[in-house]
Amino acid sequence: MNDMFKPDEEIINLTELREAEEDVGRNPSDNPTMGDIINRRFSRRGFLGGSLAVTAIATTVSPLALMIADEARAEGMSAFSFTEVEAGVDETHHVAEGYDADVLLRWGDKVFADSPDFDPMNQTAESQSKQFGYNNDYVGFIPLDGADDHGLLVVNHEYTNAELMFPNWATIGKDGEGKDKVMMGEFTKDIVDIEMAAHGGTVIEIRKQDGKWMPVLDGKMNRRLHVGTEMALTGPAAGHDRLKTNADTSGTKVFGTLNNCAGGVTPWGTWLMAEENFHGYFIGELPEGHPEAVNYKRYGAPAGWYNWGTHHDRFDVSKEPNEPNRFGWVVEVDPMDPNSVPKKRTALGRMKHEGAESVVNKDGRVVFYCGDDERFDYVYKFVTSAAYNPDDRAANMDLLDDGILYVARFDADGTVDWMPLVHGEGPLNADNGFMSQADVVIEARRAGDLLGATKMDRPEDVQPNAMTGKVYCMLTNNTRRKEGDENAANPRANNAFGHIIEISETDGDFASTKSTWEILLKCGDPAVAEVGASFSSATTTNGWFGMPDNCAIDADGRLWVSTDGNSEKRTGRTDGLWAVDTNGDARATSKLFFRVPVGAEMCGPLFDPTGETVFLAVQHPGDEGLATYEQPATRWPDFRDDMPVRPAVVAVTKQGGGKIGMA
C-alpha cells in the first residue's frame, strides 16, 4: 500500500485491501448527475413496498422472447423449480436438495500427467507452473468433437492470497493503534515467483464419466498460462511508443497476463481473459514530469499491492515506466493449440476489464460487452467490423483487431446512447492529447470521460441474452456515491448492495447505437426499508442478495447471478448463486441455489451446452477476518490439517440427470 491509497477503515488482510482500493473511485469527470429527474422518474414508476413495479420500456423483441414472456405471465410462476438453500455462513458449501456439487479442480491439482503432486510445505514456481493456479474466477467450456460430455475447461486465475498460501509466513500482530492485524512475511524472490506462476489461467481437458466430470491429465491441449508466458500485442496500440520497454523495443511482445477476472468464449472457440486490477502489481514512482503521469493516476497505478517490482524491474515504474500500459487488455487464447501465442487485443480498450461476453448479431458481426470494474466507471461494448464465419474458424481469428469500441450513456428517458471511442470524432483529438486511435484505446477511461459517459456503481459482468435481445449489467455497489450525485441508472446514494440493469437492444440489434434500459433489481434486504431493495414479494428471506458480480444465461435463456461481498457482518450470509426470474409476474424473484463456504466469493458461473451442469468457481475461501495459512476461517474443500484452504472449481449436476433448476 502506498501514499495514494488511504482507506477510511482499518485494513486487516489483502482481500479487504483490494475491496477498499476498489472503493476509491478515480473518475474526476463532472459528467452530469440527474437527481431531480430521478426523483420524478422513479416516483412515477412506482417502487412501492420494496417490490419492483415492472413497467416495460417500449421496444421490439424477438418472437421467441415474446413467447417466453407470455408463457411466464400466463402461468404466473417462476421459470425455476428447486428447493431453495437456506442462507447463512459456515465452513462448507451448500447446494439445492437433489443436486451434487463435486470438486473438480483445486489449487495445486495436476494439470498434466507429469505434474508434481501438490506439496504445500515445499512449493516452487516450477511446480506451480504445472499445477492448477490460485483464485479461480472465470470458467469457460469448449466442446470437443461436437460432444456435450467432452471438452476443454478454461479457467482464469485472478490473484493470490499469500497469507493463505504459504506456511509460516503470515502472523497475527498489532498495528500502531494496538488493533489485531494480519502481518505479512517477507516477499522473497521465491515467494514472488510462485505467486507469478499461480496467476494466469488453465486449459484442461475434461470428460464426463458415469455422470461425473473428471480431468483428463494426458489431454494434448492442456496448458498453463502465467506471468511468464509470451504474448503478443495486436490492434491499434501494437507497436506504439507508449508500449515499448527495455525488454521489448518493438512494443508488440509482452510476458504474461495478470488479475484475470471474468472473461468469455468467442463463437469461434477462443478464450478471452479479461485483465482487471493490473494497477495493484506495480511499485515505484514515475520520473518527474513523465508523460504517463495523468494516465496512470486515472487507473490508480502504481498501487503497490504486490512486491514483485523488488525482484522484477518491469513491475517498478521508476525503471520501466511504460510497463503498466501493457496490461489492462482483453487477451485472446486459442485453447485448441497449446503452442499458440496469446494475443492482447488492444482494439477492445485498456481498462479494469470485467468480462468479455459476446453474441453474434443478426448481421453476422460479433458484439462483446464488458464493465470497467471500479466505482464511477463505465459500461462498454465492442462491435467487430467483419462478420463471423461459422464455416471457417481461421477467418475469425483476427476479428478482434478491427471494430468500434463504444461507451454507454444511460439517459433518464430510458435510453442508452452507445458513443464511439474513435480518434478524430468529437473531443477525441490532438487538442485533448489523443494523437491516434492508439492513444484512445490506451486511455479508454479518459476518452469515456470526455464523451460524457455515465458514471456507474462499479460495473462488472455484462451478459447478452441471444434469445431475447436483452443484456444484463451487474453493478456491484458504490458506497462513495453521495446524496445529490445519483443518476438515472444509479439511483441510490451510498449504494452498499448494488443493482442490476436490463438493457433492451433495439429490434434485437446488438450492434445498435441506441438501446433502452430498465432496472431489474435493486439489491439488499427488502425487509429494511431504507435500503430500498426491489425484489418481488415472492422472494423469500433466503432469496435476496447483495453485491451482484457475475451472471450467466443458461441453455433455456434464464438468468443466474453470482455475488461478491456478502458476509456475516454485511448481510448475514455468504456469497452464492441465485436464480433470478426476468419475465412475467415472477419478474425480480430470486432463489438461492448454491452458497459458498465462509470467506469465499462466488465466481463463474458457467452452464454446459445441455444445461445439465453448472461449473462454479469458489474463490478465496477461508479469507474472513484474521485468516492465515495456519488459521483460515475454513479448511474447505479437503478439511485436512495437513492441507491449506484451497480455491476450487465445482461441478454441479442433478441427481439422476436433467437440467439445472428444472423439475
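## Ground rules

Two strands count as paired if DSSP finds at least two bridges between them. Helices (H or I, at least four residues) and strands (E, at least two) are DSSP runs, numbered from the N terminus. What you have here is a predicted model, in which local features need pLDDT of at least 70 and side-chain atom pairs count only at pLDDT 80 or more, while totals for chains, interfaces and linings use all residues. Residues are numbered from 1 along each chain as its sequence is written, and side-chain values use heavy atoms, with hydrogens and water left out.

## A four-stranded open sheet

Let us start with the sheet, which is open and runs in the order β2-β33-β32-β31 with antiparallel pairing. At its edges are β2 (99–106) and β31 (601–607), each of which pairs on one side only. Neighbouring strands are turned against each other by 25° on average, direction ignored; the axes behind such angles are lines fitted to C-alpha atoms, for helices over the stretch in contact, and angles run from 0 to 180 degrees between N-to-C directions.

Following the order across, β2 is joined to β33 (residues 648–654) by seven bridges, and Asp 100 faces Thr 653 in β33. Thr 653 is also the bridge partner of Thr 613, within the six antiparallel bridges between β32 and β33. On the other side of β32, five bridges link it to β31, again antiparallel, with Glu 601 opposite Gln 619. These two strands form a hairpin with five residues between them, and Gly 611 in the turn has a positive phi of about 80°.

## Strand β32 under cover

In β32 (residues 613–619), seven of the seven residues are buried, meaning under 20% relative accessible area (exposed is over 50%, partly exposed in between; 1.4 Å probe, protein chains only). Side chains in a regular strand alternate between the two faces of the sheet. Here, Thr 613, Phe 615, Ala 617 and Gln 619 point one way, and Val 614, Leu 616 and Val 618 the other.

## Two buried loop residues

Gly 88 sits in the loop between α3 (63–75) and β1 (94–95) and is buried at 10% relative accessible area. Leaving out residues up to four places away in sequence, Gly 88 touches Gly 572, Arg 573, Thr 574 and Arg 595, where contact means heavy atoms within 4.5 Å.

Ser 29, in the loop between α1 (14–22) and α2 (35–45), is buried too, at 13%. Its contacts beyond four places in sequence are Tyr 378, Asp 449 and Lys 455.
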